[in-house]
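Reader: Hello! I'd like to take a close look at one part of this model with you, and then follow the chain outward from there. Could you walk me through it?

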Amino acid sequence: MDIPYEQMLNLQPDGVVAIDLEGFVTYCNAEALNLLGLKEPPIGKSVSELNKPNFLSFLSEARSGDRLLADYHSGTLQITYQDLTKNNLRSGAMLLLCDLGEKQRTERIRREFTANVSHELKTPLTSISGYAEMIATGMAKREDIVKFASKIHSEANRMLALISDIIKLSELDELGRAQHVEEVDLFELANECVEILNPAALLRGVSVRLYGSKTTVIGNRSLLAELIYNLLDNAIRYNRDNGSVKLRVAANTIKIRDTGIGIAKKHQEHIFERFYRVDKSRSKETGGTGLGLAIVKHICEQHRAELLLESREGVGTSITIIFPQ
């Protein structure tokens, strides 16, 4: 299925505004609305109605083709002006709006991420090295070799899971929103994820139920499958023995509710940060990498989906994702 060009532009990370020769807005994507502080697309309105401090003067100077910087309430906004032509005649202009403040924040997150990765990999590597050395030098008793080998295997699997999530986050950082999109049935994806994770749930005695009906969104099928898988995996992994998980998909919405350990109020605003763990010992015990929910948040941002969390410690957690119509 061919995706309308306007919908593809709405998945771009930068703001895009198109104006005709008379200065009236002919197109404005979702990110431009966000950067300009507008609630509705100003289609058919004069560009003068987009006015912010010095905005019109910057547009006037931008006709030279130079990139200009302006400080707005949302951060530092870079505006790039580009003439549009049709049959070698000017037909209007396109404005590319980029939030430099967001770019600086992303760069800081990357630096912190690199430091955290080094720390997270050092622990299992130290453990593997220590056990392997004891076996290699003959320091390990014969009856301990199997136990040490099992620990090496466990730590190696932990590293593989961590590296897999690191690669996924790196890919998401690099791709931004400029990736293949199509019409995706969320209910179908959810059913596939339930089938994959049911064996792990049965081992814990956790029942998983899927409700709802077919609902389609425009997005990247692979990333949306990753999103649902991570949510469901977390709901099973941090549940109680013999607990339950309910997954509902309908009307452009995914809602997953579990009867797990819950999240204390003080942790809820941090739970989607990279490597943030509420209970580090339990996370290590269950094989969690601390990146699953960060990946979920990243995918939501790329699809401009709203992410809502409700949780009570000792009762359970509910996560709702609402995709734009």
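Which residues are linked with Arg221 in a network of salt bridges?

Author: Happy to! Please keep in mind that this is a predicted model. The network of salt bridges links Arg221 with Glu188 and Glu192.

Let's start with one pair in that network. Arg221 and Glu192 form a salt bridge in which the closest N and O atoms are 3.3 Å apart. Arg221 sits in helix H7 and Glu192 in helix H6, so this pair ties together parts that are 29 residues apart in sequence. Both partners are partly exposed: Arg221 has a relative accessible area of 29%, and Glu192 comes to 35%.

Another salt bridge also involves H6. Here the side chains of Arg204 and Asp241 meet, with an N to O distance of 3.1 Å. Arg204 belongs to helix H6, whereas Asp241 is in the loop between H7 and E9, and the two are 37 residues apart. Arg204 is partly exposed at 23% relative accessibility, while Asp241 is exposed at 56%. As general background, side chains of opposite charge can pair when their charged atoms come close.

The same loop between H7 and E9 holds Asn242. Its phi is positive, about 65 degrees, although Asn242 is not a glycine. Most residues other than glycine have a negative phi. Asn242 is exposed, with a relative accessible area of 66%. A second asparagine, Asn252, also has a positive phi, near 60 degrees. Asn252 is placed in the loop between E9 and E10, but Asn252 is buried, at 10% relative accessible area.

Now to what H7 packs against. The strands form an open sheet of five, in the order E7-E9-E10-E12-E11, and the pairing is mixed. At the edges are E7 (207-212) and E11 (306-312), each of which pairs on one side only. From one strand to the next, the twist averages 10 degrees. H7 packs on this sheet and touches E7, E9, E10 and E12, and the direction of H7 makes about 15 degrees with that of E10. Within the sheet, E10 and E12 run antiparallel and are joined by five bridges. Lys255 stands opposite Thr320 of E12.

Helix and sheet also come together in the largest nonpolar core. This core has 37 residues, and Leu227, Leu232, Ile254 and Ile321 touch the most other members. Two or more residues each come from helices H6 (186-204), H7 (221-237) and H10 (292-302), and from strands E9 (244-250), E10 (253-258) and E12 (316-322). H7 gives the largest share, eight residues. In soluble globular proteins, nonpolar side chains tend to be buried together.

Ile321 is a good residue to click on here. Setting aside residues up to four places away in sequence, the residues that Ile321 touches include Leu227, Leu231, Ile254, Val296 and Cys300. The buried Asn252 from the loop is also among them.

One more asparagine deserves a look on the helix itself. Asn230 is part of helix H7, and Asn230 counts as buried at 9% relative accessibility. Beyond its neighbours within four places in sequence, Asn230 is in contact with Gly292, Ile295 and Val296. Val296 is thus a shared contact, because Ile321 touches Val296 and Asn230 is in contact with Val296 too, while Asn230 is buried.

For contrast, you could turn to helices H4 and H5. Tyr131 and Phe148 form a tilted aromatic pair, 5.0 Å centre to centre with 40 degrees between the planes. Tyr131 is in H4 (residues 100-136) and Phe148 in H5 (residues 142-175), 17 residues apart. Phe148 is buried, with a relative accessible area of 8%.

Pro124 is also found in helix H4, and Pro124 is buried at 1% relative accessible area. Pro124 and Glu155 are 31 residues apart in sequence, but their C-alpha atoms are 5.4 Å apart in space. Leaving aside neighbours within four places in sequence, Pro124 is in contact with Glu155, Arg158 and Met159.

H5 has a salt bridge as well: Asp144 pairs with Lys147, with the closest N and O atoms 4.0 Å apart. The two are three residues apart in helix H5, separated by about one helical turn. Lys147 is partly exposed, at 46% relative accessibility.

Note on methods:
Residues are numbered from 1 along each chain as its sequence is written. This is a predicted model: local features need pLDDT of at least 70, side-chain atom pairs count only at pLDDT 80 or more; totals for chains, interfaces and linings use all residues. Side-chain values use heavy atoms; hydrogens and water are left out. A nonpolar core is a set of buried Ala, Val, Leu, Ile, Met, Phe, Trp, Tyr and Cys residues joined through side-chain atoms within 4.5 Å. Buried means under 20% relative accessible area, exposed over 50%, partly exposed in between (1.4 Å probe, protein chains only). Helices (H or I, at least four residues) and strands (E, at least two) are DSSP runs, numbered from the N terminus. Contact means heavy atoms within 4.5 Å. Two strands pair if DSSP finds at least two bridges between them. Axes are lines fitted to C-alpha atoms, for helices over the stretch in contact, and angles run from 0 to 180 degrees between N-to-C directions. Rings of Phe, Tyr and Trp (its six-membered ring) pair if their centres lie within 6.5 Å; planes under 30 degrees apart count as stacked, over 60 as edge-to-face and the rest as tilted.
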